[in-house]
4 protein chains.
Amino acid sequence: MGTGRIEAFSDGVIAVIITIMVLDFKIPADASWHALGALVPGLLVYALSFATIADFWINHHHTLAAAREPSATLMWSNLALLFAMSLVPFVTGWVASAHGSPLPVASYGVVMLAATLSFVVLGLVIAAQQPINSPARSTFRAFVRKGSVVAVCYALAIPLAYVSVVVSYTIFIAMPIFYILPMRIGGTD
Amino acid sequence: MGTGRIEAFSDGVIAVIITIMVLDFKIPADASWHALGALVPGLLVYALSFATIADFWINHHHTLAAAREPSATLMWSNLALLFAMSLVPFVTGWVASAHGSPLPVASYGVVMLAATLSFVVLGLVIAAQQPINSPARSTFRAFVRKGSVVAVCYALAIPLAYVSVVVSYTIFIAMPIFYILPMRIGGTD
Amino acid sequence: MGTGRIEAFSDGVIAVIITIMVLDFKIPADASWHALGALVPGLLVYALSFATIADFWINHHHTLAAAREPSATLMWSNLALLFAMSLVPFVTGWVASAHGSPLPVASYGVVMLAATLSFVVLGLVIAAQQPINSPARSTFRAFVRKGSVVAVCYALAIPLAYVSVVVSYTIFIAMPIFYILPMRIGGTD
Amino acid sequence: MGTGRIEAFSDGVIAVIITIMVLDFKIPADASWHALGALVPGLLVYALSFATIADFWINHHHTLAAAREPSATLMWSNLALLFAMSLVPFVTGWVASAHGSPLPVASYGVVMLAATLSFVVLGLVIAAQQPINSPARSTFRAFVRKGSVVAVCYALAIPLAYVSVVVSYTIFIAMPIFYILPMRIGGTD
């Protein structure tokens, strides 16, 4: 039984998170191109958040598949991850409605940093559950190293929003791509 | 383990999408027949979107059941499909509130086209995973051909909204019926 | 594989329906007893809808467990049931906000009638899938008979709302109790 | 088949409950620190509710895993638990928007008390399903005793909100910690 229900519950939460983001798209008052154009920034931020959460989900899939027992640390680092992710719809909507202002962009970075750090802790917990010197253990160590790089990038994006939000946006867009690129999907080893 | 979690996650997302559409039905300010009548166009558009998404879901069910490995292309074409579908509540609400205007109707067509194209890519990916000359492979080729016809129809519905929204509506209503009719549900071959 | 995914998808939809109803409880503008008191009718209607949907869910559980193949009729009568149920949050909110007016109460009856009729069709489909003269077949015939009685009661509650909403409310409250009482939960036979 | 679908359905409902709470965070009208600061109390109450529901979920996981048959009492005490939990987003939003006022805080206590009492009944039902003198039975008796202590604390927090909301807050924060501390996660025995 073990970790199956944690996976199912996490999937449920992530499915709701990724879907309710669209509720922030208020239906325009009129049917003009101008009203549609006003939705474009929001749509782009939504697409970015969708891709980032999808990325988290794929990695979550690979990570939890290797979990050996649902320890308390695993449970709570997973819940911390879900909590951080649950704030993504809020910061997505805020960035979309106040684009150009540094504070929402920095807040977006804070939420992503929190999610990434929770993921790193989750990775460490599951790495420690693997047999010593096993390939799975070194895979997870690589996963944790990569997550740490991502965390540093998100951490940099926070103050950089006050220099230029474009730099922060670039980091936000680069992260899911960086996450995906080198990881072979379909195998945790 | 394989594709089971992808199915479960997709089901979760689709279940939320199909259900939160109803949140666009604002509770009328009064309890009059007039207020109820004002909801009728919205209810019809909602029923159409519900049937279309249900249709996507049934086809998704048959498609993913034949998937042999959760490759990266499969994962991302599936996520593209979910992303396109996640915009259905928005365009549904927009068409319902601005019925008669061509732009929301054309946008509805764009979202449905994007979803159908993602589905065609997903079908191609899974077709390529079937053994050469197997019946499953030819079934999937038929599925992809049919999806391409649907995509062309949705593509036509976009400019036609500027000629007559009734024509576009007719295409939107015809599509889920066309999808269902020839496919024997209960078997992918 | 069969009907498992239909059950899982239906569960997802029902879980969202039963939960988003609470979004209609607007947070009061102030923290007074008066504001809390104003929520009481809504809370009662919500509790009624929650119990009714829970009841549908329990029966759905028993019904689908006996399904032998996911035929097209089964699929679409199930989707009709989910569609009717998806309108419950709307009519619940309307009854709660316009209590005393007959039209919302009659609409509530219409939605419940539609859901019950879909359930009866679903029951007939699954009854027909059982071996002739099997105990399961006679159980399902009993289930369909009972559902028909419920449908007649809901049908009566619609015009009766214009005589007295209290009579309709009484029917709405009696239905889930009637549904539960004689059915032994834990066995479909 | 048994209790698996009850677990899956409960997980779906809890996943939606824990996620839609975030919809109460209205996107600020501007991008100022002041607007962000105004969200802090809401964020803290949200974090508390998230942790409490997560806690309920973990315990629910352990409790239902030991269920032997989906009896009617089990079904309905579980639904009572889900109903009480479904009101958590409402009271969370109310406490967050009216912090300092005793009535929302007391209402929060009432909802948590109702959820805890449903949990105690659920625990009693499942305890009675265990073999007499089995270790599982004594584990569940300990679980019920602990739940009763939690219920008494929540019951005290209700009138105490009129003495000092800080005392009630302290109880609310202490409860999930108390729940977790002595229970070894990863085993029901």
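Visitor: How far apart are the closest C-alpha atoms of chain B and chain D?
Guide: This is a predicted model, and the values here are computed from it. No contact joins chain B and chain D. Their closest C-alpha atoms lie apart by 9 Å.

Visitor: What separates chain A from chain C, between which no contact is found?
Guide: A contact needs C-beta atoms within 7 Å. No pair of residues from chain A and chain C meets that condition. The distance between the closest C-alpha atoms of chain A and chain C is 9 Å.

Visitor: Which element gives the largest share of the side of chain A that touches chain B?
Guide: In this contact, 26 residues of chain A face 28 residues of chain B. On the side of chain A, α1 (4–20), α2 (33–37) and α3 (40–65) each supply at least two residues. The largest share, nine residues, comes from α1(A).

Visitor: How many residues on that side of chain A are nonpolar?
Guide: The side of chain A that touches chain B can be divided by class. Two of its residues are charged and five are polar. The nonpolar residues number 19.

Visitor: Which element leads on the side of chain D that touches chain A?
Guide: Here chain D brings 26 residues and chain A brings 28. Two or more residues come from each of α1 (4–20), α2 (33–37) and α3 (40–65) of chain D. By class, this side of chain D has 19 nonpolar, five polar and two charged residues. The largest share, nine residues, belongs to α1(D).

Visitor: Do the copies meet through the same or different surfaces?
Guide: One can ask how far the interface residues of the two chains coincide. Only 15% of the interface residues of chain A are also interface residues in chain B. The copies therefore meet through surfaces that are different.

Visitor: What kind of axis relates chain A and chain B?
Guide: Two copies of a chain are related by a rotation about an axis and a shift along it. For chain A and chain B, the rotation is 90° and the shift along its axis is 0.0 Å, with an RMSD of 0.0 Å. The two copies are thus related as by a four-fold rotation axis.

Visitor: What is the radius of gyration of chain A?
Guide: Chain A has eight helices and zero strands. Its C-alpha trace spans about 60 × 35 × 25 Å along the principal axes. A compact globule of 189 residues would have a radius of gyration near 16 Å, and the value for chain A agrees with this. That value is 18 Å.

Visitor: What percentage of the residues in chain A is buried?
Guide: Of the contacts in chain A with a separation of 6 or more, 76% are between residues 24 or more positions apart. A residue is buried if 20 or more other C-beta atoms lie within 10 Å of its own. Among the 189 residues of chain A, the buried share is 53%.

Visitor: How far does helix α7 of chain C reach from its first C-alpha to its last?
Guide: Helix α7(C) covers residues 135–160, 26 residues in total. Its buried residues include C:F140, C:F143, C:G147 and C:V150. At 1.5 Å a residue, the expected span is 38 Å, and the helix comes close to this. The reach is 38 Å.

Visitor: Is A:N133 buried or exposed?
Guide: A:N133 sits in the loop between α6 (102–128) and α7 (135–160) of chain A. Its phi is near 65°, a positive value in a residue other than glycine. Within 10 Å there are 7 other C-beta atoms, so A:N133 is exposed.

Notes
Residues numbered from 1 in each chain as written. Chains lettered and ligands numbered in written order. Predicted model: local features only at pLDDT ≥ 70, side-chain atom pairs only at ≥ 80, totals over all residues. Contact = placed C-beta atoms within 7 Å. Helix = DSSP H or I, 4+ residues; strand = E, 2+ residues; numbered from the N terminus. Nonpolar A, V, L, I, M, F, W, Y, C, P; charged D, E, K, R; others polar. Rg over C-alpha atoms; globule rule 2.2 N^0.38 Å. Buried ≥ 20, exposed ≤ 12 C-beta atoms within 10 Å, placed from the backbone. Least-squares fit on C-alpha atoms with pLDDT ≥ 70 in both. Expected span 1.5 Å × (residues − 1).
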